[in-house]
Amino acid sequence: MTLEGQSLRDLRLRDYRPRSRLRVPEHRVERPRFPAVDAHNHLGTWLTAGSAWPDLDEVLAVMDASGVRAIVNLDGRWGDELEANLDRYDRAHPGRFATFCHLDWAEAASPGFPERLCGSLERSAAAGAKGVKVWKDLGLHVRDDVGELLLPDEPRLSEVWTAAGVLGLPVTIHVADPMAFFDPLDAAIERLEELLDHPDWWFGDRERFPTFEQLVAALEAVVAAHPGTTFIGAHVGCAAEDLGWVGRMLATYPNFHVDIAARIAELGRQPRAARALIQRFPDRVLLGTDAFPPDPATYAGHFRFLESGDEHFAYSSDEIPPQGRWAISGLDLPDDVLRAVYAGNAARLIPGLTA
């Protein structure tokens with residue numbers, strides 16, 4: 001077949017599978033240089049629509065094989081569901097799991113909800129929750145008793161963030177989503193294939209949703225107003241595409257930290273900036289994968305990204321990478337930084353985990 005062949009000229013983009021011909025060093029890193037803590041994962045049934053729990057024996061086997069000492073389970077919810085998660089993980093395997101609770105945002109539909117949410121936090125902390133997980137529905141979907149959208153910096157929520165600090169519960173908070181999810185739906189949108197698979201992830205309708213900038217500004221307002229509360233900005237502070245903004249947040253607010261969950265695709269296409277950020281703030285960045293159930297290949301990919309200096313390698317084993325058709329490069333972080341990112345920072349910030 002010649003290049004002028006009509007069949008190739010009419011090749012659909014969805015069918016194009018370019019194969020890299022680069023010959024570059026490759027290193028398999030199946031176990032981390034130092035024991036690791038996965039500070040962002042999901043081991044409950046919340047995100048799987050109530051389906052079966054992950055096989056605990058398999059989870060522990062993957063952890064042992066992959067050098068993962070502990071996992072932070074962000075699926076605790078509240079009440080009976082929290083108790084079920086604590087029984088299954090934290091109480092059955094002390095030190096290997098740390099379960100975070102949630103807040104029931106359905107309470108916001110009735111007056112007086114801040115007091116009820118604070119009470120829920122107190123009960124969850126007493127039960128053994130090690131932190132609080134706040135999802136992106138706050139800011140995108142949650143509405144109050146008069147139908148107004150609630151952003152994270154809603155003044156009525158201030159006492160909730162204060163209560164988390166008083167109770168010693170770090171808050172892993174996810175606002176917004178990748179920037180492209182807020183862009184107009186047109187031929188220039190960077191994450192088009194992903195959004196075609198998940199149309200409910202598009203938040204570019206300005207009549208229904210705030211802008212990306214409004215949401216991260218609300219996050220900053222919360223962090224700034226509550227210095228006594230520890231915040232972990234999920235997914236590289238919810239702004240992995242703008243490390244300048246993330247660096248400013250880390251420099252300005254000592255109570256702000258970030259995990260790298262589900263964002264090595266973004267960090268790995270800007271490896272010099274990512275390495276500089278982590279080396280500038282080695283005590284503020286946590287390993288996380290957001291890969292559930294955990295699997296050895298995902299862990300190995302994260303370890304290779306953090307430890308090796310490899311260039312132009314796949315961030316996913318999927319034929320079509322899920323977050324964009326690009327490759328990533330490794331950060332080659334020094335040992336002292338790896339120790340902190342792998343486990344030291346999580347052990348310092350999250351109750352129930354030890355160095």
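Colleague: How many bridges join β7 to strand β8?
Modeller: Two bridges join them, and the strands run parallel. Strand β8 covers residues 285–286. This is a predicted model, by the way.

Colleague: Which residue stands opposite Val285 in β8?
Modeller: Val258 does.

Colleague: And in what sense do β6 and β7 pair?
Modeller: Parallel, over three bridges. Strand β6 spans residues 231–233. Phe231 has Phe256 in β7 as its bridge partner.

Colleague: Which residues of β7 point which way?
Modeller: Phe256 and Val258 point one way. His257 and Asp259 point the other way. All of them are buried.

Colleague: Let's stay with His257. Why does His257 count as buried?
Modeller: Because its relative accessibility is 4%, and buried means under 20%. His257 sits in strand β7, residues 256–259.

Colleague: What does the side chain of His257 reach?
Modeller: The backbone oxygen of Asn255, at 3.4 Å.

Colleague: Leaving aside neighbours within four places in sequence, what is His257 in contact with?
Modeller: Thr230, Phe231, Ile232 and Gly233 are among its contacts. So are Leu250, Asp283, Arg284 and Leu286. Arg348 and Leu349 are also in contact with His257.

Colleague: New topic, helices. At what angle do α8 and α10 pack?
Modeller: About 10°, with their axes 11 Å apart. That makes α8 roughly parallel to α10, because angles under 35 degrees count that way. Helix α8 is residues 212–225 and helix α10 is residues 243–252.

Colleague: Which residues meet there?
Modeller: From α8, Val216, Leu219, Glu220 and Val223. From α10, Trp245, Arg248 and Met249. Five residues of this contact are nonpolar, none polar and two charged.

Colleague: How do α10 and α12 pack?
Modeller: At an angle of about 5°, with axes 11 Å apart. So α10 is roughly parallel to α12. Helix α12 runs over residues 271–280.

Colleague: Which residues of α10 and α12 meet?
Modeller: Leu243, Val246, Gly247, Leu250 and Ala251 in α10. They meet Ala273, Ala274, Leu277 and Arg280 in α12. That contact divides into seven nonpolar residues, one polar and one charged.

Colleague: Which residues of α10 are buried?
Modeller: Leu243, Trp245, Val246, Gly247, Met249 and Leu250.

Colleague: And what do those buried residues pack against?
Modeller: Four helices, α8, α9, α11 and α12, plus strand β7. Helix α9 is 234–237 and α11 is 264–267. Leu250 ties back to our earlier topic: His257 is in contact with Leu250.

Key: Residues are numbered from 1 along each chain as its sequence is written. This is a predicted model: local features need pLDDT of at least 70, side-chain atom pairs count only at pLDDT 80 or more; totals for chains, interfaces and linings use all residues. Side-chain values use heavy atoms; hydrogens and water are left out. Buried means under 20% relative accessible area, exposed over 50%, partly exposed in between (1.4 Å probe, protein chains only). A polar contact is a pair of N or O atoms within 3.5 Å; within protein, one must be able to donate a hydrogen and the other to accept it, and residues adjacent in sequence count only if both atoms are side-chain atoms. Contact means heavy atoms within 4.5 Å. Axes are lines fitted to C-alpha atoms, for helices over the stretch in contact, and angles run from 0 to 180 degrees between N-to-C directions. Angles under 35 degrees count as roughly parallel, over 145 as roughly antiparallel, 65 to 115 as roughly perpendicular and the rest as oblique. Ala, Val, Leu, Ile, Met, Phe, Trp, Tyr, Cys and Pro count as nonpolar, Asp, Glu, Lys and Arg as charged, and the others, Gly among them, as polar. Two strands pair if DSSP finds at least two bridges between them.
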